[in-house]
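Here are a few exercises on covalent and charged links between side chains. Have a go at each task before you read its solution.

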Amino acid sequence: MRTKLVLAGLGVATVGATFGGIAMAADPTSDTVAPYAQAAATVNANGTTSQKTATIASVTHPETGSYCIVLTDLVRAYKSIPMATLGNGAPRGSDVRVSRNDPTCPGNSIRVTTGTDGVAANQPFYFMVP
């Protein structure tokens with residue numbers, strides 16, 4: 001009986017690992033699905049995205065450490081509570097800040113600024129509007 005339970009458990013773990021791997025894999029040529037977020041993206045230090053939901057119209061990188069994330073009409077920036085966290089490539093001492101409808105970015109957008117030790121610097125980050 002114990003052998004059957006162990007094998008059954010391994011089968012469940014294998015299926016979970018397989019499906020988990022598929023869910024986590026990202027195809028940068030298509031939109032990402034984030035079922036519990038209105039908008040989400042993985043933004044590289046140079047301003048390109050490796051993943052984004054269809055509700056993100058564009059991401060621009062107008063100057064060092066500054067990124068403008070323009071949302072589609074399905075998400076209203078002025079009513080959102082955006083969040084960003086630094087990506088794995090950001091060194092210690094780095095920071096990230098988020099603001100809604102900043103005048104330096106287009107309408108219906110979120111501005112994300114990044115830096116290191118108080119100086120503007122390009123850093124990778126994850127972005128989400130829950």
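A disulfide here is a pair of cysteine sulfur atoms within 2.5 Å. You're working with a predicted model, where local features need pLDDT of at least 70, side-chain atom pairs count only at pLDDT 80 or more, and totals for chains, interfaces and linings use all residues. Residues are numbered from 1 along each chain as its sequence is written, and side-chain values use heavy atoms, with hydrogens and water left out.

**Exercise 1**

Find which cysteines form a disulfide, and work out the handedness of the link.

*Solution.*
- Step 1: Start with the count, which is one disulfide.
- Step 2: Its partners are C68 and C105, with sulfur atoms 1.9 Å apart.
- Step 3: Check the torsion: the angle about the S-S bond is -75°, and the link of C68 and C105 is left-handed.
- Step 4: Place the ends, using DSSP runs numbered from the N terminus (helices: H or I, at least four residues; strands: E, at least two). C68 sits in strand β4 (residues 66-71), while C105 is in the loop between β6 (94-100) and β7 (109-116). That's 37 residues apart, so to speak a link between distant parts of the chain.
- Step 5: Look at exposure, where buried means under 20% relative accessible area, exposed over 50%, and partly exposed in between (1.4 Å probe, protein chains only). Both C68 and C105 turn out buried.

**Exercise 2**

Work out which residues are joined into one network by salt bridges that share partners.

*Solution.*
- Step 1: Apply the cut-off: a side-chain nitrogen of Lys or Arg within 4 Å of a carboxyl oxygen of Asp or Glu. This rule gives three salt bridges.
- Step 2: Take E63 and R111, whose closest N and O atoms are 3.7 Å apart. Because E63 lies in strand β3 (residues 56-63) and R111 in strand β7, this pair ties together parts 48 residues apart in sequence.
- Step 3: Now take D102, which pairs with R111, again with closest N and O atoms 3.7 Å apart.
- Step 4: Put these together, and E63, D102 and R111 form one network through shared partners.
- Step 5: Add the accessibilities: R111 is buried at 17%, D102 is buried at 16%, and E63 is partly exposed at 47%.

**Exercise 3**

Classify D95 and R97, which form a salt bridge, as buried, partly exposed or exposed.

*Solution.*
- Step 1: Confirm the pair: the closest N and O atoms of D95 and R97 are 3.9 Å apart.
- Step 2: D95 has a relative accessible area of 25%, so it's partly exposed.
- Step 3: R97 reaches 58% and counts as exposed.
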